[in-house]
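Subject: Structure for you to look at

Hello,

Here is the structure I promised to pass on. Please open it and keep it beside you as you read my notes.

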Amino acid sequence: MLLRSLLSAALLAAGLLPVSAHAAAMKPDFSIGAIADCQYADEPDTPPRLYHTAPGKLVDAIDDFNRQKLAFVVYLGDFIDRDWQSFDTLLPITAKLRHPWHFVLGNHDFSVDDAHKPLVAAKLGMPSRYYNFVEHGWMFVVTDGNGLSSYAWPQGSSELANSLATHARLYPNKPLWDGGIDETQMAWLDRTLADADHRHLKVMLLSHFPVWPDNDHNLWNASEVMALLERHPSVKLWLDGHNHDGNYGFRRGIHYLNLKAMLDTSETAFARIDFFPDHIEVLGTGRQASMMLPFSGAGSIESAPPR
């Protein structure tokens, strides 16, 4: 299966196999859509942040997704750049999607007044700040990288006090515009992945924040998170945003894919992700590159230019 897919990908990249023939040769078990960092604000553009283009790019991505057969679409955080009212500009656009949404919380999603911080997850239709669900033999784990943070909790809250104390004690050199996964969530994550191991499910974790390769955008406790992931054979991929330039790494059997931001480009950036028994294919649009991610052996294989 993988050999046939690699051959198809090589022919496609060389322009010797049309996309339709490639799709017919390798029909995925299922597909999802993915967007990172649309990050709208009703503010003048401050290049490379092209705020005025964000709603139109989101419309175009949803139109594209609506023409495809998808199990769901994931939004990887930083839906807005700032201000509670920015949600009301974008949510009528996302309501036009014909597939289910699964949102992840980003740091900028909490750039609202303190009274609204506890309401952000519900505003996006999330059941809670972190959760999991199962589709087609895969468990998808939505993480909250803002559990430890200087911005996601109201002033005077115990969560904010704990976050700042933890940062000062353990991560004083990490940027305050990043966050971390808190102790309670880490315990939940370990239990959740153990359940996936027991049920012989494959796992994709969905995060706003990267953990690998090393980068200034990574979670404060990235090394602890990776150590936890590596204890669980079910884990195949960590998918994130936050670093607008995108990134990719492969470590101890796990792919770490950082999608490029939709905001910082005159084009766009989003992806369809196809799931096969032995690999994943990322089909990029705009500046998001396409990739093939096998479940064994080496890391990624570039499969096609962006559409």
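Start with the salt bridges. Keep in mind that this is a predicted model. Side chains of opposite charge can pair when their charged atoms come close. The count here is 9 salt bridges.

One of them joins Asp144 to Arg129, with the closest N and O atoms 2.8 Å apart. This pair links distant parts of the chain, 15 residues apart. Asp144 sits in the loop between strand E5 (138-142) and helix H6 (158-170). Arg129 sits in the loop between helix H5 (120-123) and strand E4 (131-135). Both Asp144 and Arg129 are buried.

Another joins Asp274 to Arg272, at 2.7 Å from N to O. Asp274 and Arg272 are buried too.

Now look at Arg199 and Asp195. Their side chains form a salt bridge at 3.1 Å, N to O. Are these two residues buried, partly exposed or exposed? Arg199 has a relative accessible area of 42%, so it counts as partly exposed. Asp195 has 31%, so it is partly exposed as well. The range for that label runs from 20% to 50%.

Salt bridges can also form a network. Arg49, Asp81 and Arg82 are linked in this way.

Next, the sheet. Strands of a sheet pair through backbone hydrogen bonds, either parallel or antiparallel. Find the open sheet of 6 strands, with the order E4-E5-E6-E7-E9-E8 and mixed pairing. Which strands stand at its edges? They are E4 and strand E8 (247-251). Each has a single partner strand, so one side of each is left without a neighbour in the sheet. From one strand to the next, the twist averages 15°.

Here is a parallel pair. E5 and strand E6 (residues 202-206) are joined by 5 bridges. Trp138 has Lys202 in E6 as its bridge partner. Helix H7 (residues 183-198) packs on the sheet and touches E4, E5, E6 and strand E7 (235-240). The direction of H7 makes about 175° with that of E5.

For an antiparallel pair, go to E8 and strand E9 (residues 254-258), which are paired over 5 bridges. Phe250 has His255 in E9 as its bridge partner. E8 and E9 form a hairpin with 2 residues between the strands. In that hairpin, Arg252 takes a positive phi near 50°.

A second hairpin joins E11 to E12 through 4 residues. Strand E11 (residues 279-286) runs antiparallel to E12, with 4 bridges between them. The bridge partner of Ile280 in E12 is Leu293.

In a regular strand the side chains alternate between the two faces of the sheet. Strand E12 (residues 291-294) is covered on both faces. Met291 and Leu293 are buried on one side, and Met292 and Pro294 are buried on the other.

Stay with Ile280 for a moment. What does it touch beyond its neighbours within four places in sequence? Its contacts include Trp138, Met204, Leu237, Asp274, Phe275 and Leu293. Ile280 also belongs to the largest nonpolar core, which has 86 residues. Ile32, Phe79, Phe140, Met204, Leu239 and Ile280 touch the most other members of that core.

Last, the aromatic rings. A pair of aromatic rings is described by the distance of the centres and the angle of the planes. The structure holds 19 aromatic pairs. Phe140 and Phe275 form an edge-to-face pair, 5.8 Å centre to centre with 80° between the planes. Phe140 lies in strand E5 and Phe275 in strand E10 (residues 269-275), so the pair ties together parts that are 135 residues apart in sequence. Phe140 is buried, with a relative accessible area of 0%. Phe275 is buried as well, at 1%.

These two rings belong to one aromatic cluster. The other members are Phe30, Phe72, Tyr131, Phe133, Trp138 and Phe295.

One more residue to find is Asn162, in helix H6. Its relative accessibility is 43%, so it counts as partly exposed. Asn162 and Ser149 are 13 residues apart in sequence, and their C-alpha atoms are 9.0 Å apart in space.

Best wishes

Conventions. Residues numbered from 1 in each chain as written. Predicted model: local features only at pLDDT ≥ 70, side-chain atom pairs only at ≥ 80, totals over all residues. Heavy atoms only, no water. Core = buried A, V, L, I, M, F, W, Y, C linked by side-chain atoms within 4.5 Å. Buried < 20%, exposed > 50% of the residue type's maximum accessible area, 1.4 Å probe, protein only. Contact = heavy atoms within 4.5 Å. Salt bridge = Lys/Arg side-chain N within 4 Å of Asp/Glu carboxyl O. Pairing = 2+ DSSP bridges. Axes fitted to C-alpha atoms, helices over the stretch in contact; angles between N-to-C directions. Phe/Tyr/Trp six-rings, centres within 6.5 Å; stacked < 30°, edge-to-face > 60°.
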